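Please look through the report below alongside the model. It takes up the sheets one after another and then turns to the remaining parts of the chain.

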Amino acid sequence: MRPFPVPLPAVALVLLTVPTSLCRLKCKEGQSGPTYESLQDVFDKKSFRPAVNLSNPTISNISFTLYAILGVNEKTQILTTFLWLRLYWIHEFLVWDPGECEGVTKISLPVRELWSPDIIVYEFVDDDVSQQCPYVYVNHTGHIRYDRMLRLVSACNLEIFNFPFDIQNCSLTFGSYMHTIRDVRVSPALSFEEMSGNSKQYLEASGEWELVVIQGKPDILKFGIDEWDIITFWIVIKRQPVLYVVNLLIPSSFLMIIDILSFYLPPHSVDRASFKMTLILGYTVFLLIMNDLLPSTANGTPLIGIYFSVCLALMVISLLETVIITNILHSMKCRDVPRWVRVLVLGYIARLICYSKPDEPPPVTQDQEDAGNSYAHSKNGGTSREVAPLPLSVPELVQISADLHVMRTHLSSLQEEDALHEQWRHVGYVLDFLLFRIYMLIISLYALVIIVMWCVWYRQ
């Protein structure tokens with residue numbers, strides 16, 4: 001299958017008009033096409049540019065079809081493609097009259113026996129290992145068409161910040177390596193829209209990449225006092241992100257959802273800390289397994305890599321917060337809550353996150369109230385006198401009274417400890433709710449950014 005089914009007369013319109021004073025090839029009666037002797041004379045001149053007047057530059061027309069995108073290496077910044085390349089130029093010594101050569105208008109000749117323009121790709125960074133076509137087609141007017149396959153390994157500035165929703169724009173610059181603008185001129189054989197349409201039609205084995213468009217622009221390269229005629233093509237491709245969404249984003253989202261649900265466990269529970277440690281271990285193993293799917297360059301880190309790092313950091317911070325709250329509830333329950341903690345945490349932060357205290361415990365019974373009142377009366381009476389002895393002192397009653405006094409003292413201390421523990425528990429709950437809301441905010445922002453990136457990729 002030919003990549004460009006374009007007839008030669010259509011291409012000849014974009015080439016220079018062939019001068020009338022050309023050296024024509026000879027033909028013999030009874031022989032189709034030019035004679036071998038006349039062709040051999042042309043072959044002997046293959047080292048010279050085929051122009052009757054060397055002041056006239058040789059026009060070379062270039063077109064290609066992008067057949068396959070073989071690989072994109074983000075680490076080495078290399079794009080590997082497979083092209084069907086087609087070159088046209090005029091050989092002013094290969095002209096004959098079809099009427100004298102029995103109507104022969106086109107012949108094939110070995111390319112190694114003819115002069116050919118030294119057209120190269122300036123971004124080429126590796127040896128060409130593609131198969132060479134040994135022949136060219138020559139028209140009776142001197143127009144030559146050379147088709148070849150080209151496995152092109154070119155340098156490209158790859159931007160991976162939006163991975164896996166990235167769009168890459170790589171340039172291919174065609175031009176002569178040695179001949180300046182006075183000797184060789186280059187121009188496109190087809191319009192850039194036709195090249196882009198043909199490439200989309202024939203593109204195969206693209207893998208995870210899809211061709212968006214091929215654009216181009218003729219230009220002049222200046223270096224010192226010399227100038228070279230060049231054509232720069234821009235190949236715009238975009239990545240298919242389904243593989244990375246299924247293997248990276250969805251498993252990571254599941255682990256993050258489980259970590260979010262772990263906030264509903266009691267913060268002072270030991271099971272919560274062990275549960276979070278298990279999640280961190282699982283997330284770390286997940287990142288190690290999926291590390292090969294993430295591109296790595298010295299220019300930057302993709303946004304999804306930053307997202308994974310932030311998620312791991314949030315998991316570690318949530319575990320650290322659980323450890324701190326557990327330490328507060330178990331080590332500081334016998335200490336008073338400092339005033340600045342009550343003002344900052346129970347005051348401002350609690351109002352900021354709309355935290356409300358749980359319902360108060362049920363009221364004490366009448367016996368507990370009488371015991372508390374009698375204890376308070378004995379404590380606030382101004383003296384520390386003992387219980388007045390009964391008129392008829394009985395040793396058993398005195399012992400019972402002393403035991404009751406010890407019990408009241410112990411219950412009062414327990415109530416004070418419970419009150420302190422309740423205050424520290426509220427401090428822990430407020431800090432836990434604060435981190436939970438910060439956690440949810442950061443995760444939501446990153447999810448929103450990824451969704452927006454996906455929408456932008458889809459529209460392009």
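## The hairpin of β1 and β2

T65 stands opposite W84 in β2, and A68 stands opposite F82 in that strand. These pairs belong to strand β1 (residues 58-73) and strand β2 (residues 78-90), which pair in the antiparallel sense over twelve bridges, where two strands are said to pair if DSSP finds at least two bridges between them. Helices (H or I, at least four residues) and strands (E, at least two) are DSSP runs, numbered from the N terminus. The two strands form a hairpin with four residues between them, and Q77 in the turn has a positive phi of about 55°.

All of this is read from a predicted model, in which local features need pLDDT of at least 70 and side-chain atom pairs count only at pLDDT 80 or more, while totals for chains, interfaces and linings use all residues. Residues are numbered from 1 along each chain as its sequence is written, and side-chain values use heavy atoms, with hydrogens and water left out.

## The six-stranded sheet

Both strands of this hairpin belong to an open sheet of six strands, whose order is β3-β5-β6-β2-β1-β8 and whose pairing is mixed. The edge strands are β3 (106-110) and β8 (184-188), each of which pairs on one side only. On average, and with direction ignored, neighbouring strands of this sheet are turned by 35° against each other; axes here are lines fitted to C-alpha atoms, for helices over the stretch in contact, and angles run from 0 to 180 degrees between N-to-C directions. Helix α3 (residues 192-202) packs on the sheet and touches β1, β2 and β8, its direction making about 35° with that of β1; contact means heavy atoms within 4.5 Å.

On its other pairing, β2 meets strand β6 (residues 143-155) in the antiparallel sense over 13 bridges, and within β6 the bridge partner of L83 is L150. Is β2 mostly covered or mostly exposed? Strand β2 is mostly covered, since twelve of its 13 residues are buried, where buried means under 20% relative accessible area, exposed over 50%, and partly exposed in between (1.4 Å probe, protein chains only).

## The four-stranded sheet

Four further strands form an open sheet in the order β4-β7-β10-β9, with antiparallel pairing. Strands β4 (119-121) and β9 stand at the edges with a single partner strand each, so one side of each is left without a neighbour in the sheet. The twist from one strand to the next averages 20°. Three bridges join β4 to β7, and these two run antiparallel; in β7, the bridge partner of I119 is S176. Helix α3 packs on this sheet as well, touching β9 and β10, and its direction makes about 145° with that of β9.

Strand β10 (residues 226-239) is mostly covered, with eleven of its 14 residues buried. Nine bridges join strand β7 (residues 167-176) to β10 in an antiparallel run, and the partner of C170 in β10 is I235. Strand β9 (residues 209-223) pairs with β10 in the antiparallel sense over 14 bridges, with D219 standing opposite I230. Strands β9 and β10 form a hairpin with two residues between them, and G224 in the turn has a positive phi of about 70°.

## Annotated transmembrane stretches

An unreviewed UniProt entry places the feature "transmembrane region" at residues 242-265, 277-294, 306-328 and 434-457; UniProt positions are given in the numbering used here, feature names are shortened, and annotations may be inferred rather than shown by experiment. In the model, the chain over residues 242-265 is 83% helix and 0% strand, with the end C-alpha atoms 35 Å apart. Over residues 306-328 the chain is 100% helix and 0% strand, and the end C-alpha atoms are 32 Å apart.

## The cavity and the whole chain

The structure holds one cavity of 30 Å³ or more. On a 1 Å grid over the protein atoms alone, a cavity is a set of points where a 1.4 Å probe fits but cannot get out, and lining residues have an atom within 4 Å of a point. The largest cavity has a volume of about 40 Å³, and its lining residues include F163, L249 and I450. The elements that give two or more residues to this lining are α6 (303-331) and α9 (395-459).

The protein chain as a whole contains nine helices and ten strands, and 40% of its 460 residues count as buried.

How values were computed
On a 1 Å grid over the protein atoms alone, a cavity is a set of points where a 1.4 Å probe fits but cannot get out, and a pocket is an open set with protein on both sides within 12 Å along at least five of seven lines; lining residues have an atom within 4 Å of a point. Grid points are joined across faces, edges and corners, and a volume is the space filled by probe spheres set on the points.
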